[in-house]
Amino acid sequence: MIDIHCHILPGFDDGARDMLTTLKMGKDAQENNVTKIVATPHYLCTPSDTNFVKERDRLINEVRKNFDEYSINVEVFPGAEVHLNEDVFFDNQLEQLTINSTRYLLCELDFFSMSIKRITRYFDEIVSRKLVPILAHPERYEFFQQDYSLVNYLADMGTLFQINMTSLAGIDSDESKALATKMVRNGMAAFLATDAHGLGARNMRMLSYIQSFSNVMNDEMFYKAVEINPQKVLNGEAVRTKFNHISRHGF
Ligand SMILES: [Fe+2]
């Protein structure tokens, strides 16, 4: 499996708190059949993020060295989870925040105050810069849980979605599980990822619960979401999805 959303860098954001935690996450990843991880620390575009890319790349090299030393056979690639706000678009680091220097940008939204007008404006801006938005964990946002038509709208715009495995497994909340399940069943989940932040609730030990996914997706769909599509992203190749709109009732 290839995990395109993971807070594995030590002491950089609210993910792994130190190198020991990073090593344990790497070991868990290996034991759970993860071969590649994209390091996606939160990017908030605050003054303290001025040297974000430089520091991220330094830490990635540190992690790679440590994984080598401790025989952890997991490759680590650069990325970021970009918190969308006005400032991000005036930022000269934006192009360097993409996954593995491709055109794919992993984005997150404010959990509380986001209108669909603002969201679509942000995504329009991303697309106009010839970047491809991957929206992280749409199922976790209350405004999507309350209005599925917003998800359909973004899907029609060409947004790709990354669903958290823990949401699909029902570890987060009933609402996020319901939306994640609908999106997976309707072909909207281009990617499944861990969004692991350490060794706690969102971790790298997904083998304990992914069997339950067979209720909502077949093996081919699963393989596409954890291997084929993520590898296309790493290669900078096009990811195509065939989806149906979701609705509260029925499928
Ligand atoms: Fe995240």
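**Quick look at the fold**

With 251 residues, a compact globule should come out with a radius of gyration near 18 Å, and the protein has 17 Å, so the two agree. Keep in mind that this is a predicted model. The protein contains 8 helices and 9 strands, and one of its sheets gets a closer look below.

**Overall build**
- Along its principal axes, the C-alpha trace of the protein spans about 50 × 45 × 30 Å.
- Buried residues account for 43% of the 251 residues.
- Take the contacts between residues at least 6 apart in sequence: 76% of them join residues at least 24 apart.

**The three-stranded sheet**
- Strands pair through backbone hydrogen bonds, and the pairing in a sheet can be parallel or antiparallel.
- Here we have an open sheet of 3 strands, paired in parallel and ordered β1-β2-β4.
- β1 (2-6) and β4 (75-78) sit at the edges with a single partner strand each, which means one side of each has no neighbour in the sheet.
- On average, neighbouring strands in this sheet are turned by 25° against each other, ignoring direction.

**Zooming in on β1 and β2**
- β1 and β2 (residues 36-39) run parallel and are joined by 3 bridges.
- If you want a pair to look up in the structure, try Asp3, whose bridge partner in β2 is Ile37.

**The helix on the sheet**
- Helix α2 (residues 52-69) packs on this sheet, where it touches β2 and β4.
- The direction of α2 makes about 175° with that of β4.

Technical notes
Residues are numbered from 1 along each chain as its sequence is written. This is a predicted model: local features need pLDDT of at least 70, side-chain atom pairs count only at pLDDT 80 or more; totals for chains, interfaces and linings use all residues. Two strands pair if DSSP finds at least two bridges between them. Helices (H or I, at least four residues) and strands (E, at least two) are DSSP runs, numbered from the N terminus. Axes are lines fitted to C-alpha atoms, for helices over the stretch in contact, and angles run from 0 to 180 degrees between N-to-C directions. Two residues are in contact if their C-beta atoms, placed from the backbone, lie within 7 Å. The radius of gyration is taken over C-alpha atoms; the globule rule is 2.2 Å times the number of residues to the power 0.38. A residue is buried if 20 or more other C-beta atoms lie within 10 Å of its own, exposed if 12 or fewer, and partly exposed in between; C-beta atoms are placed from the backbone.
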